[in-house]
Amino acid sequence: MRSANPVLDRLDDVGRTERQVLGVGAAETMTVTDVVSRTVGLLLLTGVTAAVAWVLVPQAVWISAALAGSALASFVLVLVISLKQITNPALIAGYAVLQGLLLGVASRAFELVYPGIVVQAVVGTFGVFLGMALLYRARLIRATPRLARLVLGTLIGIVAISLVNLVTYLLTGKQGAEVYSLTARVGWLPYLFSVVAIIAGALSFVLDFDLVERSARNGLPRRYAWFCAFGLLVGLIFLYWQILRLVSYVRR
């Protein structure tokens, strides 16, 4: 069974291949603790960068360039790191820094319109993440093939709709499933879309936790702890954006 997180999707295949090539026990294997420590480190790096960008990046002058540049660079890095299964800590840290810049500048824009919204979104994001971790630990929600198919299909649909919605907005100015303006009125469709995205993002963590545990049990080399941490960071950032958007809808 694969993860619904596209970054972590091929870890099982990687583990089998490396064991066949190197042999069992040929390399130091990763542990769940390794993944946790690296995930925390990447989150701290992202948070510190976001705080610096919040304070130092001039909102009126640089927001468009900062958002466009960091978003494009982050997207390219996700594709490169995911497709090539890169475990280089420097490159993964570079992604965290770019996302921190994007988060800091964009979050400040939301905060100017809706004071307190960033704290609400951060609390909501980590609340959902910790809640899913507890549910998984208690085995109240299990990672099953059926759940994997459901979550993966939903996330693919969300990404496809988001791309169509963005292109439509850029060409016509019309907003559909996602509303990009911070003050425009919001109908029922954006609410529904955001709720579905948040649920799918939350459930994907259950599949990620299971995949990380199985990878550790199956002897994946220790360097892949960085790759697992990167995948979890991507999932957390996705969840943050969805919650931030939903809270902005509610507060209008």
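How many helices and how many strands are there in the protein? Before I answer, please keep in mind that what we have here is a predicted model. In this model the protein has eight helices and zero strands, and if you read along the sequence you meet the pattern α-α-α-α-α-α-α-α.

Let me stay with the whole chain for a moment. The protein has 252 residues, and buried residues make up 45% of them. If we take the contacts in the protein with a separation of 6 or more, 86% of them are accounted for by residues 24 or more positions apart. As for the outside, the accessible surface comes to about 12,600 Å², and carbon and sulfur atoms hold 70% of that surface.

Now I would like to turn to one pair of helices. Two packed helices are described by the angle between their axes and by the distance between those axes. The pair I have chosen is helix α7, residues 188-217, and helix α8, residues 224-250, whose axes come within 9 Å and cross at roughly 160°. Because angles over 145 degrees count as roughly antiparallel, α7 is roughly antiparallel to α8. The crossing in which α7 passes α8 is left-handed.

Which residues in α7 and in α8 meet? On the α7 side they include P190, Y191, I198, G201, F205 and F209, and on the α8 side they include C228, L232, G235, F238, L239 and Y249. Sorted by class, the contact of α7 with α8 has 17 nonpolar, four polar and two charged residues.

One residue from that list deserves a second look, namely G235, which is found in helix α8. Is G235 buried or exposed? Its relative accessibility is 11%, and since buried means under 20%, G235 counts as buried. The C-alpha atom of G235 is separated by 8.6 Å from the C-alpha atom of A202, although the two residues are 33 residues apart along the chain.

Finally, I would like to leave the helix pair and look at a loop. R139 lies in the loop between α5, residues 117-137, and α6, residues 145-172. What can be said about the backbone of R139 there? R139 has a positive phi of about 60°, although R139 is not a glycine. With a relative accessible area of 35%, R139 is partly exposed, whereas G235 in α8, as we saw, counts as buried.

Terms used. Residues numbered from 1 in each chain as written. Predicted model: local features only at pLDDT ≥ 70, side-chain atom pairs only at ≥ 80, totals over all residues. Heavy atoms only, no water. Helix = DSSP H or I, 4+ residues; strand = E, 2+ residues; numbered from the N terminus. Buried < 20%, exposed > 50% of the residue type's maximum accessible area, 1.4 Å probe, protein only. Contact = heavy atoms within 4.5 Å. Areas by Shrake-Rupley, 256 points an atom, 1.4 Å probe, with all protein chains shown as cover. Axes fitted to C-alpha atoms, helices over the stretch in contact; angles between N-to-C directions. Parallel < 35°, antiparallel > 145°, perpendicular 65-115°, else oblique. Left-handed = near helix turned anticlockwise from the far one by under 90°. Nonpolar A, V, L, I, M, F, W, Y, C, P; charged D, E, K, R; others polar.
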